[in-house]
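Hi,

Here is the structure I promised to pass on. Have a look at it in your viewer first, then read my notes underneath.

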Amino acid sequence: MVRSRGIKVSLIDINNSDYTFIPDVENNEILFGLKGVSKVNKKTIEQIMAARPYKSIKEFMKKCPLNKPTMIALIKAGAFDKLDNNWAKELNQESRISIMAYYIYTISEPKTNLNLQNFSSLVKYNLIPDDLEFTKQLFDFNKYIKKNKKDIYYLLDERSLNFLQKSNLIEEVDFINGNPLIQQKVWDKIYSKQMDCVRDWIKENKEELLQKYNTILFKQNWEKYASGTISAWEMQSLCFYYHKHELSDVDVNRYGVSDFFKLNEKSEVERYIRRKDINIPIYKIHKIVGTVIAKKDSKATITLLTPTGVVSVKFTKEYYSMFKKRISKLNPDGTKTVIEEGWFKKGTLLLINGYRREDTFVAKTYKTTNSHQLYKILQVVDNKNLVLTHERAEGDSDEEE
């Protein structure tokens, strides 16, 4: 709203931002305040300001160590864009991506060496070749029988005997009082010898494996902490788009999306139906898209930031209630795990059907409308294509946010 009035607002500057918004006279703009960053509290702000100045993100991490959620939020908010980060001196979107990539790399704790102790992870990440398939079975079997120790033996059940039979190792089994056993030192020696081929393979392919392994770790953390566009990062961390709205390039023709501010302020009547001598208007339905930036439960309304401006959206109380709640599942121990947040949580992307009534968009569909009233945008593909859902997750309970 401030920017729509021609007032320039900058992103967070880790060396100059204060608690709240302050004027930046030199650049003729308003400097975003650190208090406005998600995951940043008063104590953190004091810590940041006390250790200033910072020349690079590396120096910042050394002088002002913060937890992952806070660091991720600051990077997404552009807090380090103006520092001398060597690899990303240009003040543009690529700079922030490079900064994020550096931080994600550090928290991924890349491996510098691999050995048999990493075998479980190598299996997990599908890095073991087909010709070593038996060693995966052997590895799992080794973990299985070690759960059943007694004195100097491993106790064997039917599953264990079947594996040893198929592996031509059944002759190593002892029977005491009719119970099948295998001596721990005997099995440990067999296992160690059988896994020599894995040790040799890891040693021979160490550099390639390290690269693949660390790349997987990096991608996992990137997906967890940094997926989405620069614009999405800004909304997540600041509830504000410094760059263009993340839905600005949506294919409006494909999805039939309208610009709220170009719709007639007076609701467009498509036709009337007559009931008990009364003409009931059927309004022309339009679609709008945007990001939730606020909600008011008592009025069953949300504030939606569309690519062209801020719009107040009105729902019926019954419909609003269905989508405002978070959905949880009950765990065996009686605790709950949230599996889906309410759809009106700040930052959620929505596509809504309805009509304009003066300065409000009224969410509405009719039986003849060939779509649902509300859709959640799960993903924006190539900046223009939408992955949508109109169904909520299935759970055991829903709770008030």
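Below is what turned up, starting with the open space and ending with some backbone details.

Before anything else, please keep in mind that this is a predicted model.

**The pocket**

The largest pocket comes out at about 1,300 Å³. It has 36 lining residues, and those closest to the centre are K76, A232, Q236, G347 and T348. If you want to colour the lining by element, α3 (68–76), α10 (206–225), α11 (230–238), β14 (336–340) and β17 (374–381) each put at least two residues into it. By type, the lining splits into 15 nonpolar, 11 polar and 10 charged residues.

**Helix α11 and what comes after it**

Since α11 helps to line that pocket, I looked at how covered the helix is. The answer is mostly covered, with 8 of its 9 residues buried. Those buried residues are I230, S231, A232, W233, E234, M235, S237 and L238. So A232 is on the buried list, and A232 is also among the residues closest to the pocket centre.

Just past the end of α11 comes C239, with a positive phi of about 55°. C239 sits in the loop between α11 and α12 (252–255), and at 25% relative accessibility it is partly exposed. C197 is partly exposed as well, at 35%. In case you were going to set up S–S bonds, the search of the whole structure gives 0 disulfides.

**The cavity**

What about closed space? There is 1 cavity of 30 Å³ or more in the whole structure, and it holds about 40 Å³. Around it are L263, N264, S267, E268, K284, H286, Y355 and R356, which divide into 2 nonpolar, 3 polar and 3 charged. R356 turns up again in the next section, with its charged end over the ring of F260 at 4.3 Å from the ring centre.

**Rings**

The aromatic pairs number 21. Two of them are worth a look in detail.

Take Y125 and Y213: the ring centres are 5.6 Å apart and the planes meet at 75°, so this pair counts as edge-to-face, the cut-off being over 60 degrees. The two residues come from distant parts of the chain, 88 residues apart, with Y125 in the loop between α5 (119–124) and α6 (133–145) and Y213 in helix α10. Are these tyrosines buried or exposed? Y125 is buried at 14% relative accessible area, and Y213 is buried at 4%.

F141 and F163 have the other geometry. Their ring centres lie 4.3 Å apart with planes at 20°, so they are stacked. This pair also links distant parts of the chain, F141 being in helix α6 and F163 in helix α7 (residues 158–166), 22 residues apart. F141 is buried at 4% relative accessibility, and F163 is buried at 14%.

There is a cluster too: ring pairs join F315, Y319, Y320, F323, W343 and F344.

For charges over rings, besides R356 over F260, you have R159 lying over the face of Y144, 3.9 Å from the ring centre.

**Backbone details**

A few things to check before you prepare the model for anything:

- R52 and P53 are joined by a cis peptide bond, with omega about 0°. P53 is in the loop between α1 (42–50) and α2 (57–63).
- E109 is not a glycine, yet has a positive phi of about 50°. E109 lies in the loop between α4 (93–107) and α5, and at 61% relative accessibility it is exposed, the cut-off being over 50%.
- C239, already mentioned, is another residue other than glycine with a positive phi, near 55°.

**One distance**

Finally, T389 belongs to strand β18 (residues 385–389). Why does T389 count as buried? Its relative accessible area is 18%, and buried means under 20%. The C-alpha atoms of T389 and S95 are separated by 33 Å, the two residues being 294 apart along the chain.

That's the lot from me. Shout if anything looks odd on your side.

Cheers

Technical notes
Residues are numbered from 1 along each chain as its sequence is written. This is a predicted model: local features need pLDDT of at least 70, side-chain atom pairs count only at pLDDT 80 or more; totals for chains, interfaces and linings use all residues. Side-chain values use heavy atoms; hydrogens and water are left out. On a 1 Å grid over the protein atoms alone, a cavity is a set of points where a 1.4 Å probe fits but cannot get out, and a pocket is an open set with protein on both sides within 12 Å along at least five of seven lines; lining residues have an atom within 4 Å of a point. Grid points are joined across faces, edges and corners, and a volume is the space filled by probe spheres set on the points. Helices (H or I, at least four residues) and strands (E, at least two) are DSSP runs, numbered from the N terminus. Ala, Val, Leu, Ile, Met, Phe, Trp, Tyr, Cys and Pro count as nonpolar, Asp, Glu, Lys and Arg as charged, and the others, Gly among them, as polar. A disulfide is a pair of cysteine sulfur atoms within 2.5 Å. Buried means under 20% relative accessible area, exposed over 50%, partly exposed in between (1.4 Å probe, protein chains only). Rings of Phe, Tyr and Trp (its six-membered ring) pair if their centres lie within 6.5 Å; planes under 30 degrees apart count as stacked, over 60 as edge-to-face and the rest as tilted. A charge sits over a ring if NZ of Lys or CZ of Arg is within 6 Å of the ring centre and within 35 degrees of the ring normal.
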